[in-house]
Amino acid sequence: MKTWLADARGAPLEPPPTLGFSTDEVLVEALHAIADIVHAHLSGDPKRGAARADATLEMVSGAWGMEDDFGIFWPPLVLAALAAEDVDLADRLLEPVSSALPTRRPPLVDAQWHRLMGLTAAVRGDDPELVETQLRAGIDALDAFGARGYAAQAREELGHWLVEQRRPAEAEPLIEDARAAYAGMGASGWLARLEGWHAGTLAARAR
């Protein structure tokens, strides 16, 4: 996805192309809807993206079922809901995977499910042990799948949460791993954002 790659590389985010024609192809409509949601989220307007998430989930499910591609195109919907702080929407978007038997979830989908369950629990303010267990399970599963970029993002997410829990010493190795992964992938945009967060955190702790 161009917007996701541009964000990773620190390139300007170009508005997603409009569909420009009517179609019965669910796949085409789903891809355009996801591109718009990702752009809205990354450009600082998550509520606009979240508003389309319910209908887009139906298209994503119709286009990919629960195959591994679902693990790429479904997470942006949940992340947009969480960025908009709409936990009820996030729960609805998680439900099809949560209600599926574990044996019916492809590896990437299952890995992303753990990650997103942890992030949703964190936004809701659930039991910290539940949050941490899910986030660490997501990291392990993403590592096992070989999803290097997603695993690095999951490490950064857990690191941020640990800092919020006043556990910065435990966060630091995760942040270092994410930093190294971003640098190795050439994800200069993600790296710059991480460095900015880290610098701000250190400054806050020094006050």
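In which loop is the place of Glu 85? In this predicted model, Glu 85 sits in the loop between H6 and H7. Its phi is near 60°, a positive value in a residue other than glycine. Most residues other than glycine have a negative phi. Glu 85 counts as exposed because its relative accessibility is 67%, and the cut-off for that class is over 50%.

Glu 85 comes just after helix H6, which spans residues 75-83 and is mostly covered. Seven of the nine residues in H6 are buried. These are Pro 75, Pro 76, Leu 77, Val 78, Ala 80, Ala 81 and Leu 82. The buried residues of H6 pack against several other helices, namely H2 (26-42), H3 (46-50), H4 (53-64), H5 (70-73), H7 (87-98) and H8 (107-124).

Helix H6 also contributes two or more residues to the lining of the largest pocket. The space in this pocket is about 1100 Å³. Its lining is made up of 29 residues, and those nearest the centre are His 41, Leu 79, Arg 115, Gln 153 and Glu 157. Besides H6, the elements that give two or more residues to the lining are helix H1 (2-9), H2, H5, H8, helix H10 (148-164) and helix H12 (188-206). The largest share, seven residues, is supplied by H10. Sorted by class, the lining holds 20 nonpolar, three polar and six charged residues.

A second loop, between H7 and H8, holds Arg 105. Arg 105 counts as buried because its relative accessibility is 11%, and buried means under 20%. The side chain of Arg 105 reaches the backbone oxygen of Ser 98 at 3.4 Å. Leaving aside residues up to four places away in sequence, Arg 105 touches Met 66, Val 97, Ser 98, Ala 100, Asp 110 and Trp 113.

Another arginine, Arg 166, lies in the loop between H10 and helix H11 (168-185). Arg 166 is not a glycine, yet its phi is positive, at about 65°. With a relative accessible area of 76%, Arg 166 is exposed. Positive phi values are therefore found at two exposed loop residues described here: Glu 85 and Arg 166.

Notes
Residues are numbered from 1 along each chain as its sequence is written. This is a predicted model: local features need pLDDT of at least 70, side-chain atom pairs count only at pLDDT 80 or more; totals for chains, interfaces and linings use all residues. Side-chain values use heavy atoms; hydrogens and water are left out. Buried means under 20% relative accessible area, exposed over 50%, partly exposed in between (1.4 Å probe, protein chains only). Helices (H or I, at least four residues) and strands (E, at least two) are DSSP runs, numbered from the N terminus. Contact means heavy atoms within 4.5 Å. On a 1 Å grid over the protein atoms alone, a cavity is a set of points where a 1.4 Å probe fits but cannot get out, and a pocket is an open set with protein on both sides within 12 Å along at least five of seven lines; lining residues have an atom within 4 Å of a point. Grid points are joined across faces, edges and corners, and a volume is the space filled by probe spheres set on the points. Ala, Val, Leu, Ile, Met, Phe, Trp, Tyr, Cys and Pro count as nonpolar, Asp, Glu, Lys and Arg as charged, and the others, Gly among them, as polar. A polar contact is a pair of N or O atoms within 3.5 Å; within protein, one must be able to donate a hydrogen and the other to accept it, and residues adjacent in sequence count only if both atoms are side-chain atoms.
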